[in-house]
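Me: I would be grateful for a close look at a single part of this structure. Please give one connected account, and set that part in its surroundings.

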Amino acid sequence: MPSHSPLVRAPQVAAAAPAGHTAAELATLIDLLAARRPRVEAVTLGHGRDPASTAAVQAFAHAWRARGGAVLTVVSWPETAASWLRPARRFAAGDPDAWVVAGAALGWAQMSRRLRHSTTWDPARTFAFASIGGTDIVRLAGPGTLDGLRGAAADGGTWRLGRHSITYAGPQAS
């Protein structure tokens, strides 16, 4: 009998903690949300439990509130667990204008697979730090799981996930 669990069964990536975020990355992420139409005001934040991801989300929350935005909730998830159902339901609740995430590839792959399997979460309304935008995430999450998710690169550029790809755009010249 096939499993209905969205868990990644045989991770082919080490569960290494992500690097810290950069000022350029944070500024680009804020700009991505500020440019979104319809206007993004209320966000839900999510992060892996490692120190770099926690710090990235805290920095985003501070910057977002400073520009008048609202943070509905902050949800963390583990890198490994038997289930991500509880954090996935908390993350998807409240109908935010957008979601913002930071974390390592394996933990976010597990969380996003559970979100797609068990909630109405939309990756096209989700924005992420550079730690999410690597090639491992496309392979681990599986085709279609993260279509439309976009984010900021450490150098201030942007990226967007497609069914089997990541499209990267370098930072704009000043």
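**Helix α4 and the core around it**

Reply: The model is a predicted one, and this account begins with W108. Leaving aside its neighbours within four places in sequence, W108 is in contact with W77, F91, V101, L115, W121, I132, I137, L146 and L149.

W108 belongs to the largest nonpolar core, which has 26 residues. Together with F91, W121 and L149, W108 is among the residues with the most contacts inside that core. Several elements each supply at least two of the core residues: β2 (70-77), α3 (85-92), β3 (98-102), α4 (105-118), α5 (135-141) and β6 (158-161). The most is given by α4, with 6 residues. Apart from this core lies another, of 19 residues, including L29, V57, A98 and A152.

The helix α4 itself can be checked for its length. Its 14 residues should span 20 Å at 1.5 Å a residue, and because its end C-alpha atoms are 20 Å apart, the two values agree. The helix is mostly covered, with 10 of its 14 residues buried. The buried residues are A105, L106, G107, W108, A109, Q110, M111, S112, R114 and L115. The elements that cover them include β2, α3, β3 and α5.

The aromatic side chains add a further level of detail. A search of the whole structure finds 6 aromatic pairs. One of them is formed by F60 and W64, and this pair is stacked, at 5.6 Å centre to centre with 15° between the planes. Both residues lie in helix α2 (residues 51-66), and because they are 4 residues apart there, about one helical turn separates them. An α-helix has 3.6 residues a turn, so residues three or four places apart point the same way. F60 counts as buried because its relative accessibility is 0%. W64, with a relative accessible area of 1%, is buried also.

The pair of W77 and F91 has another geometry. Their ring centres are 6.3 Å apart and their planes stand at 85°, so this pair is edge-to-face. The pair links distant parts of the chain, since W77 lies in strand β2 and F91 in helix α3, 14 residues apart. W77 has a relative accessible area of 0% and is therefore buried. F91 is likewise buried, with a relative accessible area of 0%. Ring pairs link W77 and F91 with W99, W108 and W121 into a cluster, and this returns the account to W108 in α4.

One further contributor to the core, strand β6, deserves description. Its covered face consists of W159 and L161, while T158 and R160 make up the uncovered one. On one side, 3 bridges join β6 to strand β5 (residues 150-152), and the two strands run antiparallel. Within this pairing, T158 is the bridge partner of A152, a residue that is also among those of the 19-residue core. β5 and β6 form a hairpin with 5 residues between them, and G156 in the turn has a positive phi of about 95°.

β6 is also joined to strand β7 (residues 166-169), by 4 bridges, and these strands run antiparallel. Here W159, from the covered face of β6, stands opposite Y168 in β7. The hairpin formed by β6 and β7 has 4 residues between the strands.

Methods:
Residues are numbered from 1 along each chain as its sequence is written. This is a predicted model: local features need pLDDT of at least 70, side-chain atom pairs count only at pLDDT 80 or more; totals for chains, interfaces and linings use all residues. Side-chain values use heavy atoms; hydrogens and water are left out. A nonpolar core is a set of buried Ala, Val, Leu, Ile, Met, Phe, Trp, Tyr and Cys residues joined through side-chain atoms within 4.5 Å. Buried means under 20% relative accessible area, exposed over 50%, partly exposed in between (1.4 Å probe, protein chains only). Contact means heavy atoms within 4.5 Å. The expected span of a helix is 1.5 Å times one less than its number of residues. Rings of Phe, Tyr and Trp (its six-membered ring) pair if their centres lie within 6.5 Å; planes under 30 degrees apart count as stacked, over 60 as edge-to-face and the rest as tilted. Two strands pair if DSSP finds at least two bridges between them.
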